[in-house]
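Please consider the structure shown below. The paragraphs after it lead from the chains as wholes to a single residue.

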Amino acid sequence: MKDRYANRKYLVMAMVLIAALILVARLFYIQIINKTYRVSAANNALRPVTQYPARGLIYDRNGELIVYNQAAYDLLVIPVQTTSFDTARFNQILGITMEDFRSRMKTAVSYSRRTPSVFMKMISSETYALLQEELYRFPGFYVQARTLRKYTRPVASHMLGYVGEVDNKLIARDRYYRSGDYIGISGIEKSYEEQLRGRKGVNIFLVDVHNNIKGSYADGRYDTVAVPGTNLWSTIDLNLQEYGEKLMRNKTGSIVAIEPATGEILTLVSSPSYDPELLVGRVRSANFAMLQADTVKPLFDRALMASYPPGSTFKIMNGLIGLQENVIRPSSLFGCSMGYHAGSLTVGCHSHSSPLNLPQAVAQSCNAWFCNAFRSILENKQYALIGDAFDHWRQYLVAFGFGNKLGIDLSNELSGNIPSRSYYDRYYGKDRWKALTVISLAIGQGEIGATPLQMANMAAVIANRGSFYIPHVVKKIGDDGSPAPLYTQKYITGISPANFEPVIEGMEGAVNGGEGSTARGARLDSIIICGKTGTAQNPHGKDHSIFVAFAPKDNPQIAIAVYVENAGFGSTFAAPIASLIIEEYLTGEIKRKYLEDYVLKLVIKPDAKE
Amino acid sequence: MQKSSNILGRLDWVTVILWLVMMIMGWLNIYAAVYNEQHTSIFDISQRYGKQLMWIFAALVLAVLVLVTDNKLWFFFAWFIYGFFIFLLIMVLIVGNEINGAKAWFEIGPFSIQPSEFAKFATGLALASYLNSQRQSSGYRVMGPATAIIMAPMVLIALQPDMGSVITYFAFFIVLYREGMSIYVFISAILAVALFLLTLMLGNVPVAIGLIVMAIVALAVTSGPMLTLKATGILAVSGGLAFLAGHYLLDLKIAGIIVAAVVMAGFGFLWFIYRMKLKLPAVIYAFLISGIFYLFTVDYAFHNILQPHQQTRINIMLGMEADPFGEGYNLNQSLISIGSGGFAGKGYLNGTQTKFKFVPEQSTDFIFCTVGEEWGFLGSVVVIGLFVWLLLRLLVLAERQRTTFIRAYGYGVFGLFLVHVFVNIGMTIGVMPVIGIPLPFFSYGGSSLWGFTILLFVFLRLDAGRSEYLG
């Protein structure tokens with residue numbers, strides 16, 4: 001049988017030879033002709049020096065600097081490049097003992113003889129200066145420049161967050177990071193890590209046996225330039241922040257203030273707090289352990305993570321929902337005889353005149369009025385099942401930002417809790433529960449949990465008469481940047497602006513009204529503050545004091561929520577604090593020195609658990 | 001036994017020695033590549049060099065086992081082996097372990113086995129068996145199913161996904177070429193690849209316009225000025241129409257307008273071609289329109305179907321992108337280390353780049369970097385020379401066969417080695433995009449070493465018994 005295609009073997013052979021030729025030619029080019037890859041003298045070693053860029057700066061909303069960088073230096077060693085040297089002088093410059101030296105050297109050698117490792121982290125600038133002069137005496141050692149954070153004022157530590165070394169899991173996942181790199185671990189440092197970190201560069205140097213840099217490898221062809229981090233402008237007002245933290249000293253709780261028209265957070269206070277300088281550089285590990293062990297939990301960001309039953313401040317929501325659902329009117333009158341009575345059930349109330357309409361009920365914080373309102377909402381004939389009415393009620397709350405994370409640009413936000421229909425179905429049986437079963441929801445008790453952020457957002461919604469922007473802490477990324485797109489979007493809550501007026505009237509009355517108004521202590525002469533007090537029941541100790549407000553009534557500039565734990569009535573403690581913040585922000589000075597003194601002197605110890 | 005001395009006598013010792021030499025060189029090279037100061041003994045089993053020695057011993061055993069088998073065994077069981085590995089390839093998708101993003105491995109105790117490495121061998125056998133049975137005929141009736149035999153494992157491996165392995169299966173088309181596949185298939189393939197690369201480098205619109213110009217020129221050359229003018233006229237008119245409709249009515253981009261123009265021109269030509277019964281212009285047009293559709297399709301596929309890192313790798317090879325910290329990192333480091341080897345290299349165990357662990361995957365896919373850095377141009381050429389010797393030797397062995405089965409299988413072995421060597425070394429020096437496939441006998445790994453050993457030794461065994469009748 002003739003093999004018709006036998007001649008094809010010649011083409012195949014040619015293919016092999018051509019392929020080999022291509023490879024050899026290319027090798028010839030890169031190994032012989034192109035000199036840039038070659039290392040000249042046998043004694044030269046390559047030293048890659050990472051260029052760490054300056055981390056982005058953080059300014060406040062008025063352009064005042066909050067966070068900047070200071071230089072720090074790491075001392076690196078390549079053991080195989082070291083020779084015998086004057087260790088006494090070396091230790092003297094560094095300020096370490098012979099024992100310390102030996103143990104550090106041992107660690108470096110066991111990591112690798114040939115790859116660089118850190119001999120000593122973050123030596124001071126003075127040590128660095130001394131060392132640089134004599135570094136030629138210590139071959140194998142070199143210095144790498146780093147940056148550490150520095151703060152203009154010891155405030156806003158929760159929001160700013162801190163920077164630390166990147167952990168191994170992340171190194172495995174993200175090629176950009178090497179062991180010993182820094183990364184934002186919490187707060188803005190973490191959320192905006194990619195913008196703040198810039199981009200590392202690398203200079204590859206040729207170094208001779210005497211530890212002298214002979215030049216750049218391949219004329220710098222493989223060097224990359226470090227790109228500095230992008231600067232950020234935070235939304236907070238640094239002076240206001242400092243003032244808020246001062247007012248909250250010796251108290252436990254939080255303050256969240258938002259600019260309603262934009263969702264920008266003016267101040268974010270969680271108390272007790274800590275000095276951000278504690279978590280910088282060499283002292284960070286020890287200080288972190290200390291802070292973590294502290295029983296008052298200074299690291300815990302109460303503004304975003306503490307979920308409390310909102311208490312009477314929640315009545316506003318039921319008022320608004322009732323109006324929108326058309327089951328109550330601003331003029332609706334409900335009586336209250338030291339409480340709400342329905343059959344065997346009683347919900348107590350403080351003494352005040354009766355009956356009241358909506359604005360009055362808000363101003364005087366009448367429980368009975370809102371129990372009635374809430375009941376009307378759930379027993380609305382429009383809905384066949386109570387579960388349906390409840391779902392509908394819940395939807396409004398979700399639209400206001402309750403029950404879910406709002407989406408602030410900080411990573412540790414929690415979602416609070418609004419119980420769902422299925423929760424009660426499971427507990428009582430499907431649709432076998434009634435408005436009275438869950439009546440505590442009318443006055444903000446029971447299974448509701450809301451964070452101070454969510455309450456401040458609610459205040460912002462009321463200030464805006466029905467809409468909001470997601471609260472955020474960074475308003476500008478880079479010189480001509482804007483915030484992340486999520487924050488330029490307006491959200492509508494489904495309650496028409498007209499329905500806000502009677503509630504706002506009530507909130508105005510709470511602060512500026514006459515007898516029975518719950519927050520007269522917060523009143524300002526020149527500006528109309530609208531607010532609502534709240535007292536959250538605390539099963540573990542004294543009740544928490546809450547106040548939400550916005551000002552001025554028309555064209556509001558600030559919406560605020562203040563929580564003071566274990567303090568008792570909202571009017572006595574949270575309201576004055578909110579009022580002072582408002583006064584400081586809107587007028588720039590405090591006229592009511594007596595009030596300020598009172599708050600500053602207040603010391604509220606967290607009650608021990610019973 | 002007479003048979004065994006026959007085998008030993010007829011065994012091609014040149015190849016066996018080449019195989020031994022390369023395995024030893026590979027082993028020494030791995031020692032240099034991942035040298036660990038804590039474990040300086042080359043026999044240290046906790047390190048890759050110690051392990052590789054174990055794989056080498058196992059490979060020796062495998063080789064002997066293969067040589068002891070009966071020739072007919074491979075012939076008869078070709079399809080069973082193929083079926084078995086197809087089954088394994090399906091199973092690994094279901095119960096396999098995912099390493100580096102591909103479900104390609106079975107883990108049995110401390111060992112990992114990669115079925116796709118052995119499936120190449122099975123495919124070689126099955127393909128050879130099929131071609132042998134069809135040796136009386138040729139053409140599409142034979143080549144069609146033959147292509148299917150090759151594509152089946154390719155598809156399964158593409159699902160893992162392990163694109164590198166998939167690409168090595170194209171080696172089997174060399175077998176088809178030798179056994180009679182129409183050369184036009186290969187010419188079309190080369191043209192298609194060239195068109196693809198041109199499209200990437202120059203952009204889809206310039207290349208499309210280039211194709212149109214070429215078509216007009218071809219028409220002018222073959223069919224004279226009158227016809228060319230008429231064709232250009234039709235093209236211009238349909239171009240204008242397409243532009244008006246596309247730009248103002250339908251809002252098409254230029255790409256769409258060109259396609260529409262060519263298609264509409266086709267309708268115009270139809271009338272001519274039908275009336276005047278013109279064959280050649282029809283063929284030219286057919287090429288033009290298929291070329292146009294093809295280039296827009298691959299352009300779309302490249303940008304929308306290929307993964308971003310795969311796109312980047314191809315762009316880097318074409319010199320259109322650098323990406324030194326990302327995808328270009330491997331290539332950059334590889335070039336530095338090989339380039340710095342100079343003429344004679346830095347000497348054994350003196351490679352600074354690989355010591356500093358600059359080169360990723362330096363004991364597997366980028367093993368050639370250690371050769372280049374430590375043994376320089378001389379050493380690199382020697383290694384390439386050894387492979388060329390092996391390849392040409394395989395060709396010689398394949399051509400001296402009287403049975404189609406053995407020859408076809410031999411070409412399969414040849415093709416696989418050629419693709420692996422050229423792609424692997426090519427990738428380390430920037431001639432091919434970074435595709436992760438091992439360098440035979442040099443890259444660390446039991447599966448790859450045994451896969452190539454079995455591949456090779458089955459061929460050697462068949463060759464040794466080439467005078468026997470297989471039936």
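The account that follows turns to confidence, then to one chain as a whole, and finally to one side chain and its surroundings.

This is a predicted model, and the confidence of the prediction is a suitable starting point. In chain A the mean pLDDT is 87, and 95% of the residues reach at least 70. The elements of chain A do not score alike: the lowest mean pLDDT, 74, belongs to strand β1 (residues 45–51) of chain A, while the highest, 96, belongs to helix α17 (residues 452–463) of chain A. Where pLDDT is low, predicted coordinates should not be read in detail.

Chain B may be described as a whole. Its secondary structure consists of 18 helices and three strands. Chain B has 471 residues, of which 54% count as buried. Among the contacts in chain B with a separation of 6 or more, 69% are between residues 24 or more positions apart. The area that chain B exposes is about 20600 Å², and carbon and sulfur atoms supply 72% of that area.

The final step is a single position in chain A. Ile316(A) lies in helix α12 (residues 315–324) of chain A. Why does Ile316(A) count as buried? Its relative accessible area is 1%, and buried means under 20%. Beyond its neighbours within four places in sequence, Ile316(A) is in contact with Met458(A), Ile462(A), Val503(A), Met507(A) and Lys532(A). Phe370(A) offers a further point of reference: Ile316(A) and Phe370(A) are 54 residues apart in sequence, and their C-alpha atoms are 8.9 Å apart in space.

Technical notes: Residues numbered from 1 in each chain as written. Chains lettered and ligands numbered in written order. Predicted model: local features only at pLDDT ≥ 70, side-chain atom pairs only at ≥ 80, totals over all residues. Heavy atoms only, no water. Helix = DSSP H or I, 4+ residues; strand = E, 2+ residues; numbered from the N terminus. Buried < 20%, exposed > 50% of the residue type's maximum accessible area, 1.4 Å probe, protein only. Contact = heavy atoms within 4.5 Å. Areas by Shrake-Rupley, 256 points an atom, 1.4 Å probe, with all protein chains shown as cover. pLDDT = per-residue confidence, 0-100.
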